[in-house]
Amino acid sequence: MRRPAIFFAIYAFAIVAIFFTRPFTLRTDIMDVAPVVREDPQVTKALDRLSRAYTGRLNILFGASELIKAKDAGVFFKDNLTDKPFKVQFLISEQENDYLSLLSTYNHRLLSDATAHLLEMCDYETIRNNSLAMLYSPVAVNVLPLEQDPFLLASDFMMNLGITKSSFFPNQGVLSAKLDGLFYAYMSIELEDTSPSYFKHVFNGIERAKAKTFVDFPDVSINISGIPAHSARAISKSIAETNIITGASVFLLMLISLIVFRSAVCFLYAVCTVGMGIALAIMLTAIIFGEIHVLALVFGASLIGLCLDYHIHYFVEKGISNQPWINIGRAVSICLITSVAGFGVMMLSGVPILMQIAVIATIGLINTYFIIRFLYPVFLKKSNVRAISPFVSSLEKRLANFVRVAFRKHTAIKLAVVVIFSLAGIIQLRSGDDLKNLYKPEKDMIESEALFARVGGATSAPVMVVIQGTDEQDVLEKEEIFRNSLHSFNYRAVSQAIPSFRKQNRNFALTENLYENELDTLLSTISAPKGLKNKMYNNLLAQKDRPLEISEIPDSLKFLLSENTSVVLVENATDKAELASLAREAGAHFSDRIQEITHILNTLRNKVTIIFLLVIATVFSAIAVVYRSMRDAFYMLSPAFMSVLITLGVLGFAGEQITLFHVLALFLVVCLGADYVIFRVEGRDTGNQTGSAIALSCLTSIVAFGALGFTSFAVTRALGITLGLGFTIAYLLSPLATLSIKRKADMNYNTG
């Protein structure tokens, strides 16, 4: 028996060595669960890039009675962000100067859409009046000298650059806005990762900088918003809740071990066995796929219920026999076969995360089986394990008999009532696939988002329209045509910052006509000195044959354009159906990422539901083959199937919204429910110890996972509620399966 131990040690060492020498990617983004697949990979690439940029951005507002105070507080805050694993954008002086220098060379080719429309209509008087109003306004910002830009067209262009109707505008070297008598300076932080450890590091640094800033600037408010802030809060709260519940569960499991076995040996072996089996499975899965999603890890941890089942049966039998495997070996082997067969169906799904879950489950169960089958006899050979107290055995026997007696008469009618009750609840189930339901933000987070929306003018996540062309100029021209239909939408597009050559030439011609028709009138109105007109015309003519190239503008203005594709960001889209129709008419690709992910989760849940039915059929077939009886297989799987129906019914009556994660949890309910019946059938000749082991297995599983139902994170909550209910119901119904099977055995005996 030492050879298996050596073999397992080599196997474990090899996996650990490969795992730590071969890089892999930990996926944490919900969009990675099942990425959107489109016919054109360039469209997918562009949307993914912009979506991740948006979901990885923090918005920070510094509010004060004077803009200079808000700016100084922001500078102090930025200086105290030590060890920055992210990109901070606050002071725009250098970028502004670069762009102003660019404007001074090309400003006569750059016009806002509104101004270009007025010039096309030859409404020169409105242009002149607008420029005079800006010139004499005490709050206006003239980005170029009057001799370079007499009609302040560059200032008008800058004000309309970016998100239409946005309240932010460059002032005193920062993007600023004013609301309710307060000035706000805007800072953005672009995060590079979404892992929990990265979030913890980043937000710890932000909190330290925030605390220091409040000391030196007590009158300045600091408002932090953005999707990463919600993710960090959700992760932090989820980790805290999970740690508390896990700690309590571990304590209770150890307490159960001490009470039942009057020793901590069972608990310690459980921790080592289950921990090692699942950890190696996760490592091997990461090696096979080169990546692993955090939700696969969460589900992998949920395998503890199945793995503990094997472990507990071994220890219970060890208390009454020096060779426990003789009594439980067949049952454990059958349980392994049925579970692996069930998860094997999931491997054929073609969905990466489901395949990862299937591999983790399969390898984890095989690891645990190998350890218990080959290593326990070696390490526990000389260990004395106390038998379970007769009181516990008697109590479990009474409970099982109570269930059998309750259903002994009129079984079909009683089960029909249970099914009808369950179906009545199932009818009330509603889909909970909306991405927003995964985490409900707390009051302060909602208030932070509301303030940023009021200050910045953006109240919802943007939808995106991808435009493709044969080259960059073709893309810009198509984008400009599409923008002409977006009169009722607030949007941001690259062609706002850099028009196509055709549009630039048109803008120059319009500006030249403006000079010819209105320059003399304007100069007489402002009492311009002699010679100024010639300077203005010289600046105009110097730009006649010099179009602005994309390569010349700052990178910060080019992020919407890449590889002959551009993305138009539309914010506060009130009529998405109209926008989608406009995109189709323009030959563009419309994308509402939030709705797409919600649709993906819904589609994936439906697909998993079909796979779940196939799993039930596969487990049924495996049991039928092992026991050579479809009738026995039906009775043995009925408690697990009934537990699924009742669990769904209870969830329906409780108003729970069903999600992908509820359905995934039902996989474990079926597998463990089948295990309970298999052990009862295989152990009916070994006295009361089998029932005690099943009860103890169910209790430890409920303790380990049922409490997760009280967490706020939707994923762990769904797993906790479903597993807690499912395991309990599966255990309570498991004695019923032995009724018909035992009767059949008795009949065969009497006939013989």
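**Exercises on a predicted model**

Leu 295 is buried (under 20% relative accessible area with a 1.4 Å probe, protein chains only; over 50% would be exposed, in between partly exposed), because its relative accessible area is 11%. This is a predicted model, where local features need pLDDT of at least 70, side-chain atom pairs count only at pLDDT 80 or more, and totals for chains, interfaces and linings use all residues. Residues are numbered from 1 along each chain as its sequence is written, and side-chain values use heavy atoms, leaving out hydrogens and water.

**Exercise 1.** Find the helix that holds Leu 295, then its separation from Val 715.

*Solution.* Step 1: Leu 295 sits in helix H11, residues 294-301. Helices here are DSSP runs of H or I with at least four residues, numbered from the N terminus. Step 2: Val 715 is 420 residues away along the chain, yet the two C-alpha atoms are separated by 8.2 Å.

**Exercise 2.** Describe how helices H16 and H24 pack.

*Solution.* Step 1: H16 (residues 411-427) and H24 (residues 630-653) have axes 7 Å apart, at an angle of about 45 degrees. Step 2: H16 is therefore oblique to H24, since angles under 35 degrees count as roughly parallel, over 145 as roughly antiparallel, 65 to 115 as roughly perpendicular and the rest as oblique. Step 3: look at the contact (heavy atoms within 4.5 Å); its residues include Leu 415 and Phe 421 of H16, with Met 642 and Phe 653 of H24.

**Exercise 3.** What percentage of the 752 residues in the protein chain is buried?

*Solution.* Buried residues make up 52% of the chain.

How values were computed. Helix = DSSP H or I, 4+ residues; strand = E, 2+ residues; numbered from the N terminus. Axes fitted to C-alpha atoms, helices over the stretch in contact; angles between N-to-C directions.
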